[in-house]
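Thanks, everyone, for making the time. I would like to walk you through one model this morning, starting from the overall arrangement and ending with a few individual side chains.

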Amino acid sequence: MSDEGITGDVCEGRLYNIMQEKHAMDIIIFLYRTGGAKEIEVRDMLGNYNIANRRLTMLEDFGLAECIVPDARVKGRKARRWQLTDKGTAVAHLLMTLDRIIKGEVDIGSIGFENDD
């Protein structure tokens, strides 16, 4: 298989789509580290409501994040909360592991990689 074929397969994947979107990985790590956050907290972290809303919706579409809508019957402020799904948590773990590999904090010899040939 040529390198072009490999690149074409990767570029059509969901991970590539997520990585191409500005702040998507930041939100995944933020939601992981905070255990979930109000929508306004994500907006404040990014500094832009529209980007936060689009990225959260995209992560929800990919099954990585979910929105918890407050019960309308309960009195008080009603802020939508976002949290990672199990799949989103797994992705966050992998992203943090990749970061540690790049920083040289993980012995890559101890990681078992399977050859896809």
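I will begin with the fold, move on to the core and one helix pair, and then take three buried polar or charged residues in turn.

Please keep in mind throughout that what you see is a predicted model. The protein has six helices and three strands, and if you read from the N terminus, the order of elements is α-α-α-β-α-α-β-β-α. The chain has 117 residues, of which 24% are buried, and among contacts with a separation of 6 or more, 51% are between residues that lie 24 or more positions apart.

Let me turn to the interior. The largest nonpolar core contains 22 residues, and the ones with the most contacts inside it are Ile18, Ile27, Ile28, Leu31, Val42 and Leu59. At least two residues of this core come from each of helix 3 (24–34), helix 4 (39–46), helix 5, strand 2 (65–68), strand 3 (81–84) and helix 6 (86–103). If we take Leu59 as an example and set aside residues up to four places away in sequence, we find that Leu59 touches Ile18, Ala24, Ile27, Ile28, Leu64 and Ala65. Within helix 3, the buried residues include Ala24, Ile27, Ile28, Ile29 and Leu31, and after this helix comes Gly35, which has a positive phi, near 75°.

How, then, do helix 3 and helix 6 pack, and at what angle? Their axes are 9 Å apart and meet at an angle of about 105°, which means that helix 3 is roughly perpendicular to helix 6. On the helix 3 side the contact involves Met25, Ile28, Ile29, Tyr32 and Arg33, while helix 6 brings Gly88, Thr89, Val91, Ala92, His93, Leu95 and Met96. By character, the residues of this contact are eight nonpolar, three polar and one charged.

Now for the individual side chains, beginning with Glu39, which belongs to helix 4. Is Glu39 buried or exposed? Because its relative accessible area is 11%, Glu39 counts as buried, the cut-off for that being under 20%. Its side chain makes a polar contact of 2.7 Å with the side chain of Arg80 and another, at 3.2 Å, with the side chain of Trp82. Beyond its neighbours within four places in sequence, Glu39 is also in contact with residues including Tyr49, Asn53 and Leu56. The C-alpha atoms of Glu39 and Cys67 are 8.8 Å apart, although 28 residues separate the two along the chain.

The second case is Arg55, in helix 5 (residues 49–61), which is buried as well, with a relative accessible area of 10%. A polar atom of the Arg55 side chain lies 2.8 Å from the backbone oxygen of Lys22, and, leaving out neighbours within four places in sequence, Arg55 is in contact with Glu21, Lys22, Ala24 and Ile27.

The last is Thr85, which sits in the loop between strand 3 and helix 6 and is buried at a relative accessible area of 16%. What does the side chain of Thr85 reach? The partner is the backbone oxygen of Gly63, at 2.6 Å, and, apart from neighbours within four places in sequence, Thr85 is in contact with Gly63, Leu64, Ala65 and Glu66.

That is where I will stop, and I am happy to go back to any of these views.

Conventions:
Residues numbered from 1 in each chain as written. Predicted model: local features only at pLDDT ≥ 70, side-chain atom pairs only at ≥ 80, totals over all residues. Heavy atoms only, no water. Helix = DSSP H or I, 4+ residues; strand = E, 2+ residues; numbered from the N terminus. Buried < 20%, exposed > 50% of the residue type's maximum accessible area, 1.4 Å probe, protein only. Polar contact = N/O pair within 3.5 Å; in protein donor to acceptor, adjacent residues only side chain to side chain. Contact = heavy atoms within 4.5 Å. Core = buried A, V, L, I, M, F, W, Y, C linked by side-chain atoms within 4.5 Å. Axes fitted to C-alpha atoms, helices over the stretch in contact; angles between N-to-C directions. Parallel < 35°, antiparallel > 145°, perpendicular 65-115°, else oblique. Nonpolar A, V, L, I, M, F, W, Y, C, P; charged D, E, K, R; others polar.
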